[in-house]
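User: I have a model open and want to learn how to read it. Can we go through it feature by feature?

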Amino acid sequence: MSTSAVGAARRLAARTVPSAPRLRLVQAPATTRGRTPFVGLVIVLLSLGLTGLIVLSTVLQRQAFEMQDLDRTADRLQTQHDALAAEVAESRSPGRLAAEAVRLGMVPNTNPVFLRLSDGSVVGKPRPAEKGTNVKRVDR
């Protein structure tokens, strides 16, 4: 090969073969924001969350105690209601009413009279009741 051909080949090889990259020192980029605001935000959110949980737990516990008190009150009132209902039922019984009537001086009628509504007639012979005829006085 001739010297001109060798020179041309070297020039061609120099163009196609990349030269080694030149390395240089690069300064670190200036940070515009640090981690402090993010960490602060996370701490605030966690604090608010935990405070909310504590408040919610406290409210639920207070409501549970109030509910327990209301259940006790309801049970007590139900027992009182049952006792009063039994007392009313006992005071409405026919025996009790008859005894109270005699105690108050009322006299039972041994000759009842009935009215027939269809024709307006009176069935039976009306007579006044007499004291001490068929009920004995019961004192309580």
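User: In which helix do Arg-96 and Glu-100 lie, and how many residues apart are they?

Analyst: First, the ground rules. This is a predicted model, in which local features need pLDDT of at least 70 and side-chain atom pairs count only at pLDDT 80 or more, while totals for chains, interfaces and linings use all residues. Residues are numbered from 1 along each chain as its sequence is written, and side-chain values use heavy atoms, with hydrogens and water left out. Helices (H or I, at least four residues) and strands (E, at least two) are DSSP runs, numbered from the N terminus. Here, both Arg-96 and Glu-100 lie in helix H3. They are four residues apart, about one turn of the helix. Salt bridges that share partners join Glu-90, Arg-96, Glu-100 and Arg-103 into one network.

User: What is the distance between the closest N and O atoms of Arg-96 and Glu-100?

Analyst: A salt bridge is a side-chain nitrogen of Lys or Arg within 4 Å of a carboxyl oxygen of Asp or Glu. The Arg-96 to Glu-100 bridge has its closest N and O atoms 4.0 Å apart. The structure holds six salt bridges.

User: Why does Arg-96 count as partly exposed?

Analyst: Three classes are used: buried means under 20% relative accessible area, exposed over 50%, and partly exposed in between (1.4 Å probe, protein chains only). Arg-96 counts as partly exposed because its relative accessibility is 24%. Glu-100 is also partly exposed, because its value is 23%.

User: Which salt bridges are there in helix H2?

Analyst: Take two of them. Arg-62 and Glu-66 meet through their side chains at 3.9 Å, N to O. Both lie in helix H2, four residues apart, about one turn of the helix. Arg-62 is partly exposed at 48% relative accessible area, and so is Glu-66 at 43%. The second pair is Asp-69 and Arg-72, at 3.2 Å, N to O. Those two are three residues apart in helix H2, so about one helical turn separates them. Asp-69 is partly exposed, with 42% relative accessibility.

User: What does the side chain of Ser-93 reach?

Analyst: A polar contact is a pair of N or O atoms within 3.5 Å; within protein, one must be able to donate a hydrogen and the other to accept it, and residues adjacent in sequence count only if both atoms are side-chain atoms. The Ser-93 side chain reaches the backbone oxygen of Glu-90 at 2.9 Å. Ser-93 sits in the loop between H2 and helix H3 (94–103). Its relative accessible area is 24%, so Ser-93 is partly exposed.

User: Which residues form the nonpolar patch on the surface?

Analyst: Patches are made of residues with over 30% relative accessible area and no salt bridge; like charges are joined within 9 Å, nonpolar side chains (Val, Leu, Ile, Met, Phe, Trp, Tyr) within 5 Å. This one comprises Phe-38, Val-39, Val-42, Ile-43 and Leu-46. Together they have about 480 Å² of accessible area, by the Shrake-Rupley method with a 1.4 Å probe; for residues, only the protein chains shown count as cover. Phe-38 lies in helix H2 (residues 36–91). Phe-38 counts as exposed because its relative accessibility is 58%.

User: How many helices and strands are in the protein chain, and in what order do the elements run?

Analyst: The chain has three helices and two strands. From the N terminus, the order is α-α-α-β-β. Of its 140 residues, 1% count as buried. The chain exposes about 13,300 Å², and carbon and sulfur atoms supply 62% of that.

User: Which element has the lowest mean pLDDT, and which the highest?

Analyst: pLDDT is the predictor's confidence in each residue, from 0 to 100. Helix H1 (residues 3–16) has the lowest mean, 67, and H2 the highest, 95. The protein chain averages 84, and 82% of the residues score at least 70.
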